[in-house]
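This briefing goes through the ligand sites, the open pockets, the enclosed cavities and a few local features of one structure. Please read it with the sequence and the 3D view at hand.

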Amino acid sequence: MKNILVTGGAGFIGSAFVRLIVNDYPNYHIVTFDKLTYAGNLDNLQPLKGAQNHTFVQGDIADLEGVRGVLEEHDIDTVVNFAAESHVDRSILDPEAFIRTDVFGVYRLLEAAHQHGIGRFMQVSTDEVYGDVESGFSTEDDNFLPNSPYAASKASGELMVRSYHVTYGMDTVTSRGSNTYGPYQYPEKLIPFFITEAADDRSLPVYGDGMQVRDWLHVDDHASGVLKVLENGKSGEVYNIAGEDIRHNIDVIKLLLDIMDKPQSLIKYVRDREGHDRRYAMSAQKAEKELGWERQHTFEAGLKQTVQWYLDNEWWWRKIKTGEYLEYYKKQYAERLAQAESTS
Ligand code: NAD
Ligand code: DAU
């Protein structure tokens, strides 16, 4: 690996990965390639200002010629694809952008990489491809049973990657990450949304009974897991990157309120997400045993650090929570919260 294209590198997890590599691997040249959708944010790469081994290019993974040009210009040997539409609730309101980027975009990126003669292609995927896991822990050979348009689009993207490996012999690896939290996460996802709302003493809309289960993973552990898979993963293989710390949503929310010293009266139970998966839980044994990947963060310490980061970095999130964000908030929450108020 010398010249790495990181697509979606201006987003939450992609930027953590870019910051990790640019700082720790001065011999690698990183090209961040990002469309800068509502979720892409150059502020996430601000700590790298002036770094000699980092270049930013704005572009769309679905633009074959655009991607090919960048691959050639920067003599890219490795692609790591984080680019995606990533929010389940938005996929329920409007699935089309998800199909365009997470399926068609992945195909176009693969095709450009294939034509270029790429060394290694890595796809960053999600535990949502397994669907609802009633009991036990998903392992890499389990079936796909995706339930939301987002999860189905990610499963489809993964299958395209598999097909390029089997059909054209492309050197590919895939990671499946669990629910990730930490600094620089767009405040639509549960943890940053609730931290920034609670900071302003606003209501926290909990879907359904709040007893859904998620597996929580710190963003820096997710980034180090992706790096392990990229460097040491076997060609054609898939690796789960899990926090192996599963919790009910309501327990996460109460812990967050305790850390922030805010009252539980902010919690409002609202109409559930449509098709809401009840439980995700994955085993990370394969990545741990075969690749030697280790997590560095416990959930309690990671959540405290994350709360502190949002409290210290209002400059980062206050400007996001305007314009398009407020329109989305209205569509997703206004009726839910009004209904909850009228029945409580
Ligand atoms: P994010 O929404 O914060 O960032 C996505 C980035 O992709 C943004 O910078 C956006 O501008 C860019 N992008 C979107 N469409 C693009 C396109 N057509 N061309 C180029 N760039 C485009 O997402 P995230 O939470 O950082 O997730 C990154 C990846 O990890 C995604 O593939 C997601 O499916 C996966 N993942 C996320 C989580 C999680 O909990 N957030 C967990 C497991 C896996
Ligand atoms: O599991 C990995 C996935 O985790 C990633 O692939 C996705 O990109 C990422 O968005 C995330 O999906 P979730 O749907 O699990 O995350 P979200 O933060 O949206 O929600 C976490 C849980 O909290 C889920 O059960 C829904 C619930 N929730 C969420 C929001 C935004 C609420 O109860 N209220 C809310 O307002």
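Helices here are DSSP runs of H or I with at least four residues, strands are runs of E with at least two, and both are numbered from the N terminus. In those terms, H5 gives the largest share of the lining of the largest pocket, five residues. The model is a predicted one.

**Ligand 1**

- Around ligand 1 there are 29 residues, and Ile13, Asp34, Ser86, Tyr150 and Lys154 come nearest.
- A polar side-chain atom of aspartate 34 is 2.5 Å from an oxygen atom of ligand 1.
- The backbone of glycine 11 has a polar atom 3.0 Å from an oxygen atom of ligand 1.
- At aspartate 60, a side-chain N or O atom lies 2.9 Å from a nitrogen atom of ligand 1.
- On its own, ligand 1 has 830 Å² of accessible area, and the protein covers 96% of it.
- Helix H1 (12-24), strand S5 (120-126), helix H5 (149-168) and strand S7 (179-181) each give at least two residues to the shell around ligand 1.
- Strand S5 supplies the largest share of that shell, three residues.
- The shell around ligand 1 divides by class into 11 nonpolar, 14 polar and four charged residues.

**Ligand 2**

- Ligand 2 has 25 residues around it, of which Thr126, Asp127, Tyr150, Asn179 and Arg273 come nearest.
- Tyr150 is thus named among the nearest residues for ligand 1 and for ligand 2.
- An oxygen atom of ligand 2 lies 2.6 Å from a polar side-chain atom of arginine 273.
- For tyrosine 333, a polar side-chain atom is 2.7 Å from an oxygen atom of ligand 2.
- A polar backbone atom of leucine 190 is 2.8 Å from an oxygen atom of ligand 2.
- The protein buries 95% of the 690 Å² that ligand 2 exposes when taken alone.
- H3, H6 and strand S8 (204-207) are the elements that give two or more residues to the shell around ligand 2.
- By class, the shell around ligand 2 holds 10 nonpolar, eight polar and seven charged residues.

**Helix H6**

- Helix H6 spans residues 190-199 and is mostly covered, with eight of its 10 residues buried.
- Those buried residues are Ile191, Pro192, Phe193, Phe194, Ile195, Thr196, Glu197 and Ala198.
- Aspartate 201, just after H6, takes a positive phi of about 55°.

**Pockets**

- The largest pocket has a volume of about 420 Å³.
- Its lining has 18 residues, and Glu140, Arg162, Arg176, Gly236 and Val238 lie nearest the centre of the pocket.
- H5 and strand S6 (172-177) are the elements that give two or more residues to this lining.
- The lining of the largest pocket has eight charged, five polar and five nonpolar residues.
- The second largest pocket holds about 190 Å³ of space.
- Residues lining the second largest pocket include Tyr38, Glu85, Arg90, Asp94, Phe98, Glu324, Tyr328 and Lys331.
- Helix H3 (88-93), helix H4 (96-116) and helix H12 (323-343) each supply at least two residues of the lining of the second largest pocket, and H12 gives the most, with four.
- By class, the lining of the second largest pocket has six charged and five nonpolar residues, and no polar ones.

**Cavities**

- Rolling a probe the size of a water molecule over the atoms shows where empty space is left.
- The structure has two cavities of 30 Å³ or more.
- About 50 Å³ of space lies in the second largest cavity.
- Among the residues lining the second largest cavity are Val88, Ile92, Glu128, Arg214, Arg273 and Tyr280.
- Arg273 therefore appears in the lining of this cavity as well as beside ligand 2.
- The lining of the second largest cavity divides into three nonpolar, three polar and five charged residues.

**Histidine 218**

- Histidine 218 is in strand S9 (residues 213-218).
- Is histidine 218 buried or exposed? Histidine 218 counts as buried because its relative accessible area is 2%, and the cut-off for buried is under 20%.
- The side chain of histidine 218 reaches the backbone nitrogen of aspartate 220 at 3.0 Å.

How values were computed
Residues numbered from 1 in each chain as written. Chains lettered and ligands numbered in written order. Predicted model: local features only at pLDDT ≥ 70, side-chain atom pairs only at ≥ 80, totals over all residues. Heavy atoms only, no water. Buried < 20%, exposed > 50% of the residue type's maximum accessible area, 1.4 Å probe, protein only. Near = heavy atom within 4 Å. Polar contact = N/O pair within 3.5 Å; in protein donor to acceptor, adjacent residues only side chain to side chain. Areas by Shrake-Rupley, 256 points an atom, 1.4 Å probe, with all protein chains shown as cover. Nonpolar A, V, L, I, M, F, W, Y, C, P; charged D, E, K, R; others polar. 1 Å grid on protein atoms, 1.4 Å probe; cavity = no way out; pocket = protein on both sides within 12 Å on 5 of 7 lines; lining within 4 Å. Points joined across faces, edges and corners; volume = space filled by probe spheres on them.
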